[in-house]
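Reader: I have just opened this structure and would like a friendly guide to it. Could we go through it one question at a time?

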Amino acid sequence: MSRPLVAQWLGLGVALFVLLAIIAVNLYRDHGRTARREQERLSTQARVVAENVQFQLSTINLALERVLEDIAGGDRLLVANEVAQPPYLAALIDAIPGIRTIGILDVDGTMLAANRKELIGKNLAFRDYVSTVKHNPNVDTLYISPPFRSMFNPYILNITRVIPGPSGEFAGMVSITLDPEYFSTLMASVLYVPGMWDALVHADGDVFLTEPKQHALTEKNLAHSDSLFIQHIDGGELSTVLTGHIPAVKAKQMVAQRSINPPRLKMDKQLVVVVGRNLDDVFALWRHDLVFRMVFFVLISTLACLLLAGYHRAQRRFDRATASSAANLRATQENFQLIVENTVDLVVKMDVNGCFTYLNPAFCELFGATPQQQLGRHYGQEVVAADRSAMDDYFASLFRPPYTTSFTQREKTVLGVRYLQWTAKGLFDQDGAVTEIIAIGRDVTEHMHRIGALEDQAHRDFLTGLANRRHFMALGEGELQRAQRYGQPLALLMLDIDHFKHINDAYGHRVGDIVLQAFSKTLLKTVRTIDIIGRMGGEEFAVLLPETSLYDAVDAAQRLKDAVAANKIALESGVALGLTVSIGVAAKQEGTSLDVMLDLADSALYQAKQTGRNKVCFAQEPLVEALDQVRSA
């Protein structure tokens, strides 16, 4: 073999190696981007669950402190019999979602009072959560028990505070049991793809809750040596994303973990939110891309080798006969043409003015025109008007180094407006001047739609379709800043469906979901289009009313209350279920933050519920001043 032929094969080998290296680097980067993107998604979902659980723990801690204050201030608050239960215990259960049981125990572990009559008088000293508090009493500590199976069978977790005696000695305890179903709904709401799972885990490694409920980790312990859970706990970081195997789960997992242990609560044990996904599912699309690129590389390599071998044969035939060499050259050109004519990608050529000089069949099919109809037309005629300016900038960049560009734009096709991703390059003459432009495009509409859908899911409550708490707060901050900038009024409504827990208990959680959806539709029909509605959690909703004074907001709240009362929900059983709602109203004051408005409206809502429900109360000026004094202190 002659030296020129060896050099050509060597050059082809180097070129194919470079191409393979480029493909490998891109695959490596895509793998990293896929991993980072999924890590961010899992971390976000873990943070959403952790923030909601932390908020619930704070609310429960306030409830425990309220009970402790009442015990300290009463002469004989606790009556140890099954009939005379403290009525405020039941009221706390109704007022705070996520609580299953609340009880008061004496120094011996005997239940003196509880919202469940069957618990009164029982001695629970054998329970770990009782003995832990009794042997290590600390009035400032919020005790988080490991999950355990209750006498009523549910797998539960208790939160306990010490009752101090007159001299600070251990005098008993107040304990609250979390409602697993409430937190299951929250945890299920962040699962954005099939096969994904999450869990709420005690610091000792015991799994309290999992979603889906039948997951392999249900009621398991994760505190195994070198487990991902132990790595997170030992690392001491608030949030981690780790990859590896989890006990009882066969496939390798990507797991985001976030600790819940705010310093102000002084918890004896932290809780950990764990969100995971099968690694095979995470990288499924990447593996498909890997196969596609490898097949592409093999085809290109095979074709290049065939072309080079054909060229060599043609060269040898050229030495024998010029005519035969010309025929082989045309065959080679036809092979290139065959690739372009049969590819599913769009291939076009343009002159320096941006007019088409060549279009492949895939382009003509997408735009519903023959090559004769399209040749000579300007590239911008089918581009959406909003994208034309950017398209002109991209086209102009082809006449400057590096004479290539990639971009995505919207174009009007026979399939409607589609997102097309283009890669374009300038072609030079012998003097180095750009004389033609070649561009290859691909339809990426479905990919863009999937990205948009995922962004929307992150902002919407999964059940009602309303803004979730995080998105509502973001929108609300923007409206508050606008109102303060232009000196416009702004009002806020906090709404709570009356006796919603009773509806869940009487008809089941499925009916409860139907009620929440019907209630949300009533809100959407009644308020204005400029108003912002959000589901803050459970049966609690908020409505932000731009350009609305306190007087007009109270009037709007009354109309909303009447609309809810007038709407009957027809159940499958034939029952027409009626609802009422309690509403708290607050208006923007000078320098008021959104958090303060929420607190004011929530206080007014509490007043509405405590004074009979099915009514509207608004935050008055003394309440505003009092709340400001508390915050400043």
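Reader: Which residue does E219 meet in a salt bridge?
Author: Happy to help! This is a predicted model, in which local features need pLDDT of at least 70 and side-chain atom pairs count only at pLDDT 80 or more, while totals for chains, interfaces and linings use all residues. Residues are numbered from 1 along each chain as its sequence is written, and side-chain values use heavy atoms, with hydrogens and water left out. A salt bridge here is a side-chain nitrogen of Lys or Arg within 4 Å of a carboxyl oxygen of Asp or Glu, and at 2.3 Å, N to O, the partner of E219 is R149.

Reader: How many residues apart in sequence are the parts that this pair, E219 and R149, ties together?
Author: Helices (H or I, at least four residues) and strands (E, at least two) are DSSP runs, numbered from the N terminus. E219 sits in the loop between β9 (207-211) and α5 (228-235), whereas R149 belongs to strand β4 (residues 148-149), so the parts tied together are apart in sequence by 70 residues.

Reader: Is D345 buried or partly exposed?
Author: D345 forms a salt bridge with R442 through their side chains (3.1 Å, N to O). This pair links a loop between α8 (322-342) and β13 (346-350) to strand β17 (residues 434-443), 97 residues apart. Buried means under 20% relative accessible area, exposed over 50%, and partly exposed in between (1.4 Å probe, protein chains only). R442, at 40%, is partly exposed, but D345, with 16% relative accessibility, is buried.

Reader: Which strand holds R418, the salt-bridge partner of D443?
Author: The side chains of R418 and D443 meet at 3.0 Å, N to O. R418 counts as buried at 15% relative accessibility, while D443 is partly exposed at 32%. D443 lies in strand β17, 25 residues away in sequence from its partner, and R418 lies in strand β16 (residues 416-428).

Reader: How many salt bridges does the count come to?
Author: Side chains of opposite charge can pair when their charged atoms come close. Some salt bridges share partners, and these join D30, R33, D289 and R293 into one network. By the rule given above, the count of salt bridges is 27.

Reader: Which helix gives the largest share of the largest nonpolar core?
Author: A nonpolar core is a set of buried Ala, Val, Leu, Ile, Met, Phe, Trp, Tyr and Cys residues joined through side-chain atoms within 4.5 Å. The largest one has 58 residues, and V67 and I159 have the most contacts inside it. Its largest share, 17 residues, comes from residues 3-73, which form helix α1.

Reader: Which residues does I159 touch?
Author: Contact means heavy atoms within 4.5 Å. Leaving out residues up to four places away in sequence, I159 touches L57, I60, L64, L142, Y143, I144, V174, S175, I176 and L178.

Reader: How many of the residues of strand β18 are buried?
Author: This strand covers residues 490-497. L490, L492, M494 and D496 point one way, and A491, L493, L495 and I497 the other way, all of them buried. I497 also belongs to a second, separate core of 33 residues, which includes F541, L545 and A557. The number of buried residues in β18 is eight of eight.

Reader: Which residue in β23 stands opposite L492?
Author: Two strands pair if DSSP finds at least two bridges between them. β18 runs antiparallel to β20 (residues 540-546), joined by seven bridges, and there L492 stands opposite L544. β18 also pairs in the antiparallel sense with β23 (residues 581-587) over seven bridges, and in β23 the residue opposite L492 is A586.
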